[in-house]
Structure formats: structure tokens, C-alpha cells
Amino acid sequence: MKYALGEFEEIVLLLVAAQHDEAYGLSITKAIEEKLERSVTLSSVHTALYRLEEKGYVQSQIGGSSTARGGRRKRLFTITATGKSALQESRASRNLLWDMIPNVVIE
């Protein structure tokens with residue numbers, strides 16, 4: 001495999017892609033909790049986002065401030081071309097392994 005993605009990093013990267021230009025730490029945390037029914041801390045999501053950024057899979061920029069956030073600005077994350085390639089490779093690898101399982105085993 002050309003790209004290294006841990007399971008949690010993959011989930012976070014998938015949500016960055018799914019949320020497109022609106023992905024930030026709290027939105028990803030809420031999505032994991034609601035969609036996957038998995039308890040997760042905001043700090044663990046931020047750690048994963050910063051690791052993904054170091055690997056070149058996402059990039060971030062500071063968004064505008066809002067009165068709803070008390071004037072604070074969000075750090076918004078978007079997936080890069082490298083991140084897209086990492087997700088595609090991960091999906092292909094998982095599909096290959098799933099396809100190896102005989103139907104009788106998972107029915």
C-alpha cells in the first residue's frame with residue numbers, strides 16, 4: 001500500500017470529504033457520534049486532523065468569525081488530491097478483502 005491510513009484517520013478523512021468545504025473539528029466529532037454511534041473526543045478528532053494535514057491528505061484554512069461562536073473562527077479542512085488517492089486505495093483494499101470471503105461465511 002502506498003498510503004498509510006489508520007482506521008480512525010480513515011473515518012475522519014471520509015467525513016472531511018463528505019462535509020466538503022464545511023468540515024471542522026466539532027462537525028466531524030458530532031458526525032462520528034451521530035452516524036457511527038461512537039463516542040469520541042474533540043481532541044482525538046483534532047489530533048487525527050493534524051496528522052492527516054502533516055501527511056498531506058487534508059489542508060486547512062481559517063474561516064470567518066461568527067457571532068454564534070462568540071467571534072471565534074473555525075479551522076476548516078478540505079481533502080487534497082493525495083487524500084483522495086489514499087481513500088481510493090483504502091476502499092480498493094477493503095473491497096478486495098471483502099470479495100475474498102465466501103458468501104457462506106457472512107450469510
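Turn on the surface for the whole chain: the accessible area comes to about 7,100 Å², and 52% of that belongs to carbon and sulfur atoms. Bear in mind as you look around that this is a predicted model. Of the 107 residues in the chain, 33% are buried.

**The whole chain**

Switch to a cartoon view. You should find 5 helices and 2 strands. Follow the chain along its sequence and the pattern reads α-α-α-β-β-α-α. The C-alpha atoms fill a box of roughly 55 × 30 × 20 Å along the principal axes. How much of the contact network joins residues at least 24 apart? Among contacts between residues at least 6 apart in sequence, the share is 52%.

**Helices α2 and α3**

Select residues 25–35 for helix α2 and residues 42–55 for helix α3. Two packed helices are described by the angle between their axes and the distance between the axes. For this pair, the axes come within 9 Å and cross at roughly 115 degrees. The crossing of α2 past α3 is right-handed.

Now show side chains where the two helices meet. On the α2 side, pick Gly25, Leu26, Ile28, Thr29 and Ile32; on the α3 side, pick Leu42, Val45, His46 and Leu49. Sorted by class, this contact has 6 nonpolar residues, 3 polar ones and no charged ones.

Stay on α2 for a moment. Which of its residues are buried? Colour Gly25, Ser27, Ile28, Thr29, Ala31 and Ile32, and you have them. The cover over these buried residues includes α1 and α3. Then step just past the end of α2 to Glu37, which takes a positive phi of about 50 degrees.

**Salt bridges, starting at Arg38**

Side chains of opposite charge can pair when their charged atoms come close. The whole structure has 4 salt bridges. Select Arg38 and Glu7 to see one of them, with the closest N and O atoms 3.1 Å apart. Arg38 sits in the loop between α2 and α3 while Glu7 is in helix α1, so this pair ties together parts that are 31 residues apart in sequence. Both ends are partly exposed: Arg38 has a relative accessibility of 29%, and Glu7 has 45%.

**Lys55 and Glu9**

Next, select Lys55 and Glu9. They form a salt bridge too, and here the closest N and O atoms are 2.9 Å apart. Lys55 belongs to helix α3 and Glu9 to helix α1, so the pair links distant parts of the chain, 46 residues apart. Is Glu9 buried or exposed? Glu9 counts as buried, because its relative accessibility is 5%, which falls under the 20% cut-off. Lys55, at 34%, counts as partly exposed.

**Glu10 and Arg94**

Move along helix α1, which covers residues 7–19, to Glu10. Its side chain meets that of Arg94 in a salt bridge, 2.7 Å from N to O. Arg94 lies in helix α4 and Glu10 in helix α1, so the two tie together parts that are 84 residues apart in sequence. Arg94 is partly exposed at 41% relative accessibility, whereas Glu10 is buried at 9%. Before leaving the salt bridges, add Arg51 to your selection: bridges with shared partners join Glu9, Arg51 and Lys55 into one network.

What else does Glu10 touch, leaving aside neighbours within four places in sequence? Show Leu5, Leu87, Ser90 and Arg94, and you will have the residues in contact with Glu10.

**Last stop: Thr82**

Finish in helix α4, residues 81–100, by selecting Thr82. Thr82 is partly exposed, with a relative accessible area of 33%. Not counting residues up to four places away in sequence, Thr82 touches Tyr3, Gly56 and Tyr57. For one more look, draw a distance from Thr82 to Val58: these residues are 24 apart along the chain, and their C-alpha atoms are separated by 8.1 Å.

Technical notes. Residues are numbered from 1 along each chain as its sequence is written. This is a predicted model: local features need pLDDT of at least 70, side-chain atom pairs count only at pLDDT 80 or more; totals for chains, interfaces and linings use all residues. Side-chain values use heavy atoms; hydrogens and water are left out. Axes are lines fitted to C-alpha atoms, for helices over the stretch in contact, and angles run from 0 to 180 degrees between N-to-C directions. Helices (H or I, at least four residues) and strands (E, at least two) are DSSP runs, numbered from the N terminus. A crossing is left-handed if the near helix is turned anticlockwise from the far one by less than a right angle, and right-handed if clockwise. Contact means heavy atoms within 4.5 Å. Ala, Val, Leu, Ile, Met, Phe, Trp, Tyr, Cys and Pro count as nonpolar, Asp, Glu, Lys and Arg as charged, and the others, Gly among them, as polar. Buried means under 20% relative accessible area, exposed over 50%, partly exposed in between (1.4 Å probe, protein chains only). Accessible areas come from the Shrake-Rupley method with a 1.4 Å probe; for residues, only the protein chains shown count as cover.
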